[in-house]
Amino acid sequence: MKLYFHHADSLLKGIALVSDDLGFTLADQKEADIIIDVQKLEKEGVSIRLSGNRATIAWGGKARFFRGLAILMDWLKQGETDKFLAETPLFATNGAMVDMSRNAVMNVKTVKFMLRKMALMGLNTFMLYTEDTYEVENRPYFGHMRGRYTRDEIREMDAYALALGIELIPCIQLLGHLATMLRWRAAAPYKDTANALLAGAEETYALIDDLLSSIAACFTSRRLHMGMDETHDLGTGRSLDLNGYTPRKDLYFSHLNKVVEMAKAHGFAPMMWSDMFFRMSASDIPDFQDYDVRTKLPENIRSFVPEGVQQVFWDYYHPDEEFYAVNLEKHDLLGDHTLFAGGVWCWSGHCPQYSRSIRNSVPALDACRKKGTREVIATVWHNGSEACLIMSLALLAMYADYDYRGGYEENGVRECFRIACGQNYDDFMAVEAIEYPHGNPVKTGVSRALLYNDPLLGLVDKQIEGLNTREYYQALSARLASVGQNSGEFAPAFDVLKKLCSLLENKADFGLRLQKAYLAKDRSALAALMNECDLISKKLQALRSSHRAAWMTYHKSFGWEVHDIRYGGLIMRFDTVRETIRQYLAGEIDTIDTLEEERLRFDCRRTSQEHFLNDFLWNKYQAIATTGIL
């Protein structure tokens, strides 16, 4: 289809970027099938009018225009000739924060893909979360071998985002979450603990000045997310040795004031995660959880917060609106214009947990709407897990549709995703079933535990006892066979999930079956399990190959070595299982000592009505694979 845009000079670069996605070419007015008049609005929003071969898109906020263009193109493809729609968004800021720091660093091509699809949804914000994965001049160990973005790569992504009406915002860390950089001896002068910088040290602020200089040179946005979260061990390492005990609160606020001053000197308007204010105010609360509603912030706490620092309230765990409403009110004590950060759960394994994300995000957005919160984002953490983060787009469509519709409606999300991404929303929802052989799609996903559970140690065997995983995954594999066909850029991600499901047909309960056969001295069953090791090894190889292909499609190659190690370890363990069973059946060994051991519940409970609980260790590879030192 040939389109001509009238009065769209400031939009033409972005229009050209999405032309292939939407299936049109630019033409002059005489050759065009459709003539589109573009009008600028004073306020944020978009309206689209189609009448015959002429259309009007009125927009306020560039990303709003691209949402309108996507809707118009959908109308044209469906044969519409007379239609009108006007939308006013609830939020001034809405988009995603995508984790580029936990082994998987998206390549520039994939970031551009996400930016285009987000613009077509009408989202206008992309936070690039980089702990040490950006280039800093004269700091060669900062991000060494981590796939860090060069300055030119960030500038390229920044320009691309701007053309689409999306603000690319640097999201970094200036105190904690810096373990991958602090591991180097070169970092010793500014290292407090394994995770936190040495507050108060001149060397620390020389480093931070270099970080801010690098960021300032790459990003157009003058908004800066400084991090500052989860610094629970601050002051307990080298700081203690050098200066003696200093209350964490004193160290934290002194450092915060210093880095805010530095950020402003570099021209930034800073924001930060707000959790530490709550944690430091709740030391006497038993079983404290982040943003615990029992927390009472001091009435004068605002006097400790530097002027002009925006607070970012994050939570991905609670399904009740009251939790969010209470905490949004408390944030008024910390400053004005709180930004809320929900989550698209992609960080617990290969599979996004869409149902859990919806269950916890919708009440949060409801609370934001009622409170009048004007800025929201969805965090898409990776946490070193296996997921392909482009799959988050299905739930980013929910954040977008909620924004323009003023509430949650599944059919609206389905349409938003189809229009922007050209994909079947239900196919994406279907794959999350891999996580839920226990049948509860809002509990912790379990595929990661089932994958890495050792076949001889069986650390999670007791927890899954009683689940019929073989029948579950066999039936699910059949259902998923037709899912994700013709899925374009998403095809590698779908293939990984199908391969995982096929593997779990055999792998999930293998340890349970093995110990049962051994204790029963069932030699024929043991022989069959020995042969099944070959099938499982082949399926592991297939999963690894598929996952590697997806990784190299979406990411820089750095970080994949972790998964080579994990898959390779599993393959070798099944080689050991096969040989151990052979030796036992041949009479070369009298016992298999690991199978003699009683299996205990992973959550350390004697009994429970639930197979799977929200246990922090449940998704830790090191905890699942071994009790040894890894």
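1. Let's start with Tyr 291, which sits in the loop between helix 9 (275-280) and strand 12 (310-314). Its phi is near 60°, a positive value in a residue other than glycine. Most residues other than glycine have a negative phi. Bear in mind while looking at this loop that the model is predicted. As for cover, Tyr 291 has 0% relative accessibility, so it counts as buried.

2. Another one to check is Met 145, also not a glycine and also with a positive phi, here about 60°. You'll find Met 145 in the loop between strand 8 (125-129) and helix 4 (151-163). Is Met 145 buried or exposed? Its relative accessibility is 57%, so Met 145 counts as exposed.

3. Stay in that loop for a moment, because Thr 133 is found between strand 8 and helix 4 as well, and with a relative accessible area of 0% it is buried. Once neighbours within four places in sequence are set aside, Thr 133 is in contact with Met 100, Ser 101, Val 105, Arg 146, Arg 148 and Tyr 149. For a long-range distance, take Cys 351: it is 218 residues from Thr 133 in sequence, and the two C-alpha atoms are 24 Å apart.

4. Now the chain as a whole. It has 23 helices and 14 strands. For 630 residues, a compact globule would have a radius of gyration near 25 Å, and the 26 Å of this chain agrees with that. Along the principal axes, the C-alpha atoms fill a box of roughly 85 × 65 × 45 Å. If we look only at contacts between residues at least 6 apart in sequence, 74% of them join residues at least 24 apart.

5. On surface and charge: 58% of the 630 residues count as buried. The chain exposes about 25300 Å², and carbon and sulfur atoms supply 49% of that area. There are 72 positive and 84 negative charges, and their mean positions are 2 Å apart.

6. Gly 343 belongs to strand 13 (residues 339-343). Its relative accessibility is 3%; the cut-off for buried is under 20%, so Gly 343 counts as buried. What does Gly 343 touch, leaving aside its neighbours within four places in sequence? The contacts are Asp 315, Tyr 316, Ser 357, Ser 361, Thr 379 and Tyr 399. Tyr 4, by comparison, is 339 residues from Gly 343 in sequence and 39 Å from it in space, C-alpha to C-alpha.

7. Helix 19 (residues 510-519) is worth a look down its axis. Its buried residues are Phe 510, Gly 511, Leu 514, Gln 515, Ala 517 and Tyr 518. Seen down the axis, they fall within an arc of 165°, so they line one face of the helix. Lys 516 and Leu 519 are exposed, on the face of helix 19 turned away from that buried side.

8. What do the buried residues of helix 19 pack against? The partners are helix 16 (461-464), helix 18 (491-507), helix 20 (523-554), helix 21 (560-585) and helix 22 (593-596). Just after helix 19 there is another backbone angle to check: Lys 521 takes a positive phi of about 55°.

9. On the other side of helix 19 in sequence, Asp 509 occupies the loop between helix 18 and helix 19. Asp 509 is buried, with a relative accessible area of 11%. Not counting neighbours within four places in sequence, Asp 509 is in contact with Thr 469 and Arg 470. Ile 464 lies 45 residues from Asp 509 in sequence, with 8.0 Å between their C-alpha atoms.

10. Last, Tyr 584, which has its place in helix 21. At 12% relative accessibility, Tyr 584 counts as buried. Residues up to four places away in sequence aside, Tyr 584 touches Tyr 518, Lys 521, Arg 523, Leu 526, Ile 589, Asp 590, Thr 591 and Ile 592. Tyr 518 in that list is one of the buried residues of helix 19, and Lys 521 is the residue with the positive phi just after that helix. Lys 556 is 28 residues from Tyr 584 along the chain, and their C-alpha atoms are separated by 45 Å.

Notes. Residues numbered from 1 in each chain as written. Predicted model: local features only at pLDDT ≥ 70, side-chain atom pairs only at ≥ 80, totals over all residues. Heavy atoms only, no water. Helix = DSSP H or I, 4+ residues; strand = E, 2+ residues; numbered from the N terminus. Rg over C-alpha atoms; globule rule 2.2 N^0.38 Å. Buried < 20%, exposed > 50% of the residue type's maximum accessible area, 1.4 Å probe, protein only. Contact = heavy atoms within 4.5 Å. Areas by Shrake-Rupley, 256 points an atom, 1.4 Å probe, with all protein chains shown as cover. Lys, Arg positive; Asp, Glu negative; His and termini not counted. Charge placed at Lys NZ, Arg CZ, Asp CG, Glu CD. Arc of directions from axis to C-beta.
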